[in-house]
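Dear colleague,

Please find the structure below, handed over for your own work. My notes on what was found in it follow directly after.

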Amino acid sequence: MGVITSMERVEEGLDFGFDLFWRTCSSEVRWLACSYREGPFHLSYFSSMNIYKVMPNLGNERQMRLWQQGIRKQWSAADIDWKAPRRIVSDKLRDDLARVLTPVLIGEQSALYSVSGLIPVLGHQSQQEAQFYLTTWAVDEARHTELFARFFQRMDREPGSIRRHPSGYLFQSRIVSKDPSEWLAGVLASESMAQVLAQELRDLDLDPVLSEVCAGIIEDEARHLGFNHIYIEDQFRDLYSADEEKADAKADGLRARIEHVLAGVPPIIKEIRTELTAIGMDMEKVQHTLDVVAKERLEKAISGGRKQALAGVSPSGESEAEPV
Ligand SMILES: [Fe+2]
Ligand SMILES: [Fe+2]
């Protein structure tokens, strides 16, 4: 038996994919990404993606503007001067900050997972404008993950173990949903948290690199919250236009959802309360965000959609949704 080259393995896979295609395509119209490797229509990829028409709907102007902003405002961790003199010299302060930033790093990684998971769901529902925007959101969360991972290296510290920080993972697991508006209602809690923590860390100005990282993240989070508002508002405009009773029930469902997600936050704070106080974090402000701001954002988005549907009010501008 000869050695199987990687190219042969690829070709085996392609033939298998082609077989599957012919066995299944009669029952459902499927879109296949194809390449002309050795002739016309030779498969390079097989999947059950559903695309209902070739020309995408790109008519949601607010979502399209945010998508353009999302592309134009990209930045890179590689542009930060990681060798800038470190201001935090105390071992104790580094330990405390590492504890505080552990759930933050967990949150960024989880955000990357959940945003990436929602991109195909939106495609499946032919919501291309939202799908476009989420590709930039995923890039943002990947960047945030890289930024905090590199900041741990700068501090010569490791993040805490999962066993010592289980609440961060439990909190994130409350957010994930295959229903985009449910997911976004849960995300309101985590994005509001991310925003207020980044603001606090920037204002504390413990280290020049951390302050620069947080300033960039604040702008990214504002875009995420802006999209969140616009998406939920659009959904409720459509729901209230179609059926007021069903829309009210959906709104109650999202209110319950955000309560459920927010209930996962106090255990995170409890795990790091001592360290938060030690680095000088304003716990009052953080708590206020937990209790009030995230829920206010949800109400604003629901009532915005309701007013558009029932009172003919025009949609809010992006800057009204969230100053970016
Ligand atoms: Fe983030
Ligand atoms: Fe975010």
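The largest nonpolar core of this predicted model has 58 residues. Tyr133, Leu188, Ala189, Phe236, Ile258 and Leu298 are the residues with the most contacts inside that core. In soluble globular proteins, nonpolar side chains tend to be buried together. Ile258 illustrates how the core is connected: leaving aside neighbours within four places in sequence, Ile258 is in contact with Ala185, Gly186, Leu188 and Ala189, and also with Ala294, Lys295 and Leu298.

As to the chain overall, there are eleven helices and two strands. The order from the N terminus is α-β-β-α-α-α-α-α-α-α-α-α-α. Of the 324 residues in the chain, 36% are buried. Among contacts with a separation of 6 or more, 78% are between residues 24 or more positions apart.

Three helix pairs deserve your attention.

The first pair to consider is α6 (residues 180–204) with α10 (residues 283–311), whose axes come within 9 Å and cross at roughly 140°. At that angle, α6 is oblique to α10. The crossing of these two helices is right-handed. On the α6 side, the contact is made by Ala185, Leu188, Ala189, Ser192, Met193, Val196 and Glu200. On the α10 side, Lys285, Val286, Thr289, Val293, Ala294, Arg297 and Leu298 take part. By class, the residues of this contact divide into nine nonpolar, two polar and three charged. Leu188, Ala189 and Leu298, named above for their contacts inside the core, belong to this contact as well.

Helix α10 also meets α7 (208–242). The axes of α7 and α10 come within 7 Å and cross at roughly 40°, and the two helices are therefore oblique to each other. The crossing of α7 and α10 is right-handed. From α7, the contact draws on Leu225, His229, Ile232, Glu233, Asp234, Gln235, Phe236, Arg237, Tyr240 and Ser241. From α10, the contact draws on Arg297, Lys300, Ala301, Ile302, Gly304, Gly305, Arg306, Gln308, Ala309 and Leu310. This contact has eight nonpolar, six polar and six charged residues. Arg297 appears both here and in the contact of α6 with α10.

The remaining pair is α3 (91–124) with α4 (128–155). Their axes come within 8 Å and cross at roughly 160°. Since angles over 145 degrees count as roughly antiparallel, α3 is roughly antiparallel to α4. The crossing of α3 and α4 is left-handed. The residues of their contact divide into 20 nonpolar, seven polar and three charged.

Two individual positions link parts of the chain that are separated in sequence.

Leu97 is found in helix α3. With 24 other C-beta atoms within 10 Å, Leu97 is buried. Not counting residues up to four places away in sequence, Leu97 touches Ile88, Met155, Leu206 and Ile279. Leu97 and Leu276 are 179 residues apart in sequence, while their C-alpha atoms are 8.0 Å apart in space.

Pro266 has its place in helix α9 (residues 265–279). Pro266 counts as partly exposed, because there are 14 C-beta neighbours inside 10 Å. From Pro266 to Leu290 there are 24 residues in sequence and 8.8 Å in space, C-alpha to C-alpha.

Finally, two loop residues should be noted for their backbone angles.

Ser126, in the loop between α3 and α4, has a positive phi of about 55° although Ser126 is not a glycine. Ser126 is partly exposed, with 13 other C-beta atoms within 10 Å. Asp205 lies in the loop between α6 and α7. The phi of Asp205 is near 50°, which is again a positive value in a residue other than glycine. Asp205 counts as exposed, because 11 C-beta neighbours lie inside 10 Å and the limit for an exposed residue is 12 or fewer.

With kind regards

Technical notes. Residues are numbered from 1 along each chain as its sequence is written. Chains are lettered from A and ligands numbered from 1 in the order in which they are written. This is a predicted model: local features need pLDDT of at least 70, side-chain atom pairs count only at pLDDT 80 or more; totals for chains, interfaces and linings use all residues. Helices (H or I, at least four residues) and strands (E, at least two) are DSSP runs, numbered from the N terminus. A residue is buried if 20 or more other C-beta atoms lie within 10 Å of its own, exposed if 12 or fewer, and partly exposed in between; C-beta atoms are placed from the backbone. Two residues are in contact if their C-beta atoms, placed from the backbone, lie within 7 Å. A nonpolar core is a set of buried Ala, Val, Leu, Ile, Met, Phe, Trp, Tyr and Cys residues joined through C-beta atoms within 7 Å. Axes are lines fitted to C-alpha atoms, for helices over the stretch in contact, and angles run from 0 to 180 degrees between N-to-C directions. Angles under 35 degrees count as roughly parallel, over 145 as roughly antiparallel, 65 to 115 as roughly perpendicular and the rest as oblique. A crossing is left-handed if the near helix is turned anticlockwise from the far one by less than a right angle, and right-handed if clockwise. Ala, Val, Leu, Ile, Met, Phe, Trp, Tyr, Cys and Pro count as nonpolar, Asp, Glu, Lys and Arg as charged, and the others, Gly among them, as polar.
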